[in-house]
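Please look through the structure shown here, taking the sequence alongside it. The explanation that follows moves from one pair of strands outward to the whole chain.

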Amino acid sequence: MVSSLTCECCNRYETDINSVNSFNEIKLFFDEQVKNGIYLEEQVLKPYYVWEDDKEHIEHYATKWYRCMICGCLWEIKYPDFPSKGFVKKYDDGIYTGTIVINNNEESKKADIVLKSKINNNVYYMFSDEIFIHGDNKSISIPLDSNAICFYDMYYVQDKLFIVVSTNRDYDYLYVLDEKRMILQKRGMTK
Ligand SMILES: [Zn+2]
């Protein structure tokens with residue numbers, strides 16, 4: 001009989017930590033994995049967020065990194081400091097790729113349009129080929145469509161955030177950005 005250890009990594013997901021209960025559950029889970037020798041705590045080597053402008057260079061580091069001794073994946077955990085939520089992120093191949101750098105000298109000034117969200121704390125920087133979401137550690141690329149050329153406009157109509165994508169045809173695409181899921185939903189065309 002061979003007894004082999006298995007890990008729970010496949011059953012655990014990236015998530016925001018936005019309640020004391022979820023934080024307790026997550027902390028207990030990771031503590032137990034360490035106790036059982038399945039996860040090993042590692043030094044947090046890289047920031048998940050870097051902000052630079054003319055005056056400041058600010059780095060934010062997660063609270064914990066854990067490596068799974070069985071599948072090799074890397075877990076990054078930022079403890080919440082309510083009302084600031086925390087998060088759990090996972091790097092399946094064990095390589096940390098989570099650092100978001102905001103360079104306010106160059107990036108934001110090069111943006112074609114800068115817009116503050118009406119429904120959350122995000123700031124959107126629209127470039128021709130991507131919309132960078134400051135506050136959500138994400139960017140949105142041009143939709144996969146052979147006619148799409150570049151982002152062209154972004155504006156609110158009431159609480160709906162419309163995004164115009166220029167095409168190589170005689171019309172443009174009109175999208176709405178779902179600001180909860182951060183995905184573009186096609187709404188039609190515009191002349
Ligand atoms: Zn694992």
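In this predicted model, lysine 116 stands opposite valine 123 in β10. This facing pair belongs to the partnership of β9 and strand β10, residues 123-126, which pair in the antiparallel sense over four bridges. Within that partnership, isoleucine 113 has methionine 126 of β10 as its bridge partner. The connection between β9 and β10 is a hairpin of six residues.

From β10 the pairing continues to strand β11, residues 130-134, by way of four bridges, and these two strands run antiparallel. Methionine 126 takes part here too, since its bridge partner in β11 is isoleucine 131. β10 and β11 also form a hairpin, with three residues between them.

These strands belong to an open sheet of four strands, in the order β9-β10-β11-β12, with antiparallel pairing. β9 (113-116) and β12 (138-141) stand at the edges and have a single partner strand each, so one side of each is left without a neighbour in the sheet. On average, and with direction ignored, neighbouring strands of this sheet are turned by 20° against each other.

Two isoleucines of β11 deserve a closer look. Which residues does isoleucine 131 contact, once its neighbours within four places in sequence are left aside? They are Tyr124, Tyr125, Met126, Ser139, Ile140 and Phe151. Isoleucine 133 also lies in strand β11. Is isoleucine 133 buried or exposed? It counts as buried, because it has 20 C-beta neighbours inside 10 Å, and a residue is buried if 20 or more other C-beta atoms lie within that distance of its own. With neighbours within four places in sequence again left aside, the contacts of isoleucine 133 are Asn122, Tyr124, Lys138, Ser139 and Met182. As for asparagine 122, it is 11 residues from isoleucine 133 in sequence and 6.3 Å from it in space, C-alpha to C-alpha.

The nonpolar cores come next. In soluble globular proteins, nonpolar side chains tend to be buried together. The largest nonpolar core here has 13 residues, of which Ile131 and Ile163 touch the most other members. At least two residues of this core are supplied by each of β10, β11, β14 (160-167) and β15 (172-178). There is also a second, separate core of eight residues, and Ile26, Trp65, Leu74 and Val88 are among them.

Isoleucine 26, named in that second core, has its place in helix α1, residues 20-35. Isoleucine 26 counts as buried because 20 C-beta neighbours lie inside 10 Å. Leaving aside neighbours within four places in sequence, isoleucine 26 is in contact with Ile17, Ile77 and Val88. Isoleucine 26 and threonine 15 are 11 residues apart in sequence, and their C-alpha atoms are 10 Å apart in space.

The protein as a whole can now be described. How many helices and strands does its secondary structure come to? It comes to two helices and 16 strands. The domain assignment gives domain 1 as 9-101 and domain 2 as 106-190. The centres of domain 1 and domain 2, taken over C-alpha atoms, are separated by 29 Å.

Taken along the principal axes, the C-alpha atoms of the protein fill a box of roughly 70 × 45 × 30 Å. The radius of gyration of the protein is 20 Å, whereas a compact globule of 191 residues would have one near 16 Å. Of the 191 residues in the protein, 15% are buried. Among contacts with a separation of 6 or more, 36% are between residues 24 or more positions apart.

Terms used. Residues numbered from 1 in each chain as written. Predicted model: local features only at pLDDT ≥ 70, side-chain atom pairs only at ≥ 80, totals over all residues. Pairing = 2+ DSSP bridges. Axes fitted to C-alpha atoms, helices over the stretch in contact; angles between N-to-C directions. Core = buried A, V, L, I, M, F, W, Y, C linked by C-beta atoms within 7 Å. Buried ≥ 20, exposed ≤ 12 C-beta atoms within 10 Å, placed from the backbone. Contact = placed C-beta atoms within 7 Å. Domains from an automatic or database assignment. Rg over C-alpha atoms; globule rule 2.2 N^0.38 Å.
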